[in-house]
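Colleague: Could you take me through one part of this protein slowly, as you would for someone in their first year? I would like to look at the strands and at what surrounds them.

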Amino acid sequence: MSRRRTALGDLGERAILADVLAPRYRTVTGFGDDCAVLGTPPGSGEIVATTDSCPTPLVAQLGDTDPYHAGWLLVTINLSDLAAAGANPLGLVVNYTLPADTPVDDLERLLAGVDECAAEHHTRVVGGDLRDGTPTTLSATAVGQCAPGRRVGRRGASVGDRLVLIGSPGYLWAEALVAGGRATLSPEDAALLAARARRPKAQLAAGRLLAEAGFARAAMDVSDGLFASVRTLCEVNGVGARMSEDVRLDPVPAEVCRQAGVRPFDLAATWGDWCLLVAVGPTDVGAALAKLAAESCAAQVVGRVVDAGCGITVDAGGTTVPWAGVAQERFSTRSWHGGDLGGWLAALLPVAAR
């Protein structure tokens, strides 16, 4: 097929990045990282920025179409990239394209979600643009600043490093399992699960802590699933990874796993909880985990970096097997645009679908 006639969907996001974007921008500082580098003011740390749009929230497929959740998610998505750089947020610029018949109440709910999530992360909206049009499109740009000499990117991991997962994974897709009838919770636990699934938080404090302490060698946010993040870190650093099946979940998603017959590892590997994956040196990992615990930042070692020839594997039941996990790759059939919940459960959680 002629390259001129090749569609983006035939390539997928990874090939677009490698074959189309990299030849143009590979020499730009920070290319391929979660954040772009804008510059370094005299005597200060680097200024970084990221921009992202908000897809249809999964919770909308679960029947909760409150625009508040889209506003909250829009902010979380962007601030999570700042967390991966170890940056402190300076502000957000937003852009909303909305149909002219959008109810004013819906706009108010959207703004409430944006503003309350920003306040939760100690930042705010500083500007933006509003226009009429279809379809509804929500996007934002987040700007942050790193401590001098402490910006973290995706490059820097080496053999022996430990892979630390920061945050509490599994809430969003545990909620999907409950909605799909694969688990039943008490009213109190159901309310907790719903709240956590609808209001994920960026791991800004943890990202800054590890960056400023010099513990973070490489990092990226887990926006496309744990497998996609591990695979990307391995590719850009020319290494492999050996993951542990023994992943801890909080009690409520762990109970959903028990009822649904899903391994905690599989639920933790899904996307939507905006965790952070960080490569930490083997001699630093103990101190790093202690610092995170002191700041009430949930974290656990989920794997280690190995030689590239070992590939990406999982220690499962005493046996090491290749890990061919599921990633939410854009410009592919696995890119999330909303859709059939049952199909996504089957694709992302095949054990639960049986």
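Modeller: Happy to: we will begin with one sheet, go on to a second group of strands, and then visit some helices. Please keep in mind that this is a predicted model.

Let's start with the open sheet, which is built from five strands in the order β1-β2-β5-β3-β4, with mixed pairing. At its edges are β1 (36-39) and β4 (125-132), each of which pairs on one side only. From one strand to the next, the twist averages 20°. If you are wondering what holds such strands together, they pair through backbone hydrogen bonds, either parallel or antiparallel.

Now zoom in on β3 (residues 88-98) and β5 (residues 137-145), which run antiparallel and are joined by nine bridges. A good landmark here is leucine 92, which you will find opposite alanine 142 in β5. Against this sheet packs helix α5 (residues 104-120), which touches β3, β4 and β5. The direction of helix α5 makes about 170° with that of β3.

Next, let's move along the chain to β10 (residues 299-306). Strand β6 (residues 162-166) pairs with β10 in the antiparallel sense over five bridges, and valine 164 has valine 301 in β10 as its bridge partner. Strand β8 (residues 240-244) also pairs with β10 in the antiparallel sense, over four bridges. There, glycine 240 is matched with valine 306 of β10 as its bridge partner.

Further on comes a hairpin made of β11 and β12, with two residues between the strands. In its turn sits glycine 317, which has a positive phi of about 60°. Strand β11 (residues 312-316) and strand β12 (residues 319-322) are antiparallel and share four bridges, with valine 314 standing opposite valine 321 in β12.

Stay in strand β11 for a moment and find threonine 313. Is threonine 313 buried or exposed? Its relative accessible area is 12%, so threonine 313 counts as buried. The neighbours it touches include Ala241, Arg242 and Met243, as well as Thr320, Val321, Pro322 and Trp323. The C-alpha atoms of threonine 313 and tryptophan 323 are separated by 4.7 Å, although the two residues are 10 apart along the chain.

Let's turn to the helices. Threonine 76 lies in helix α4 (residues 67-85), and because its relative accessible area is 0%, threonine 76 is buried. Among the residues that threonine 76 touches are Cys117, His121 and Trp274.

Finally, look for charged pairs: the structure holds 16 salt bridges. In one of them, arginine 198 meets glutamate 175, at 3.0 Å from N to O. This pair links distant parts of the chain, with arginine 198 in helix α7 (residues 187-198) and glutamate 175 in helix α6 (residues 171-179), 23 residues apart. Both arginine 198 and glutamate 175 are buried.

For another pair, try arginine 258 and glutamate 255, whose side chains meet in a salt bridge at 2.7 Å, N to O. They are three residues apart in helix α10 (residues 251-260), so about one helical turn separates them. Arginine 258 is exposed, with a relative accessible area of 59%, whereas glutamate 255 is partly exposed at 26%. You can also look for a network of salt bridges that links Asp33, Glu46, Arg151 and Arg155.

Technical notes
Residues numbered from 1 in each chain as written. Predicted model: local features only at pLDDT ≥ 70, side-chain atom pairs only at ≥ 80, totals over all residues. Heavy atoms only, no water. Pairing = 2+ DSSP bridges. Axes fitted to C-alpha atoms, helices over the stretch in contact; angles between N-to-C directions. Contact = heavy atoms within 4.5 Å. Buried < 20%, exposed > 50% of the residue type's maximum accessible area, 1.4 Å probe, protein only. Salt bridge = Lys/Arg side-chain N within 4 Å of Asp/Glu carboxyl O. Lists of a residue's contacts leave out its neighbours within four places in sequence.
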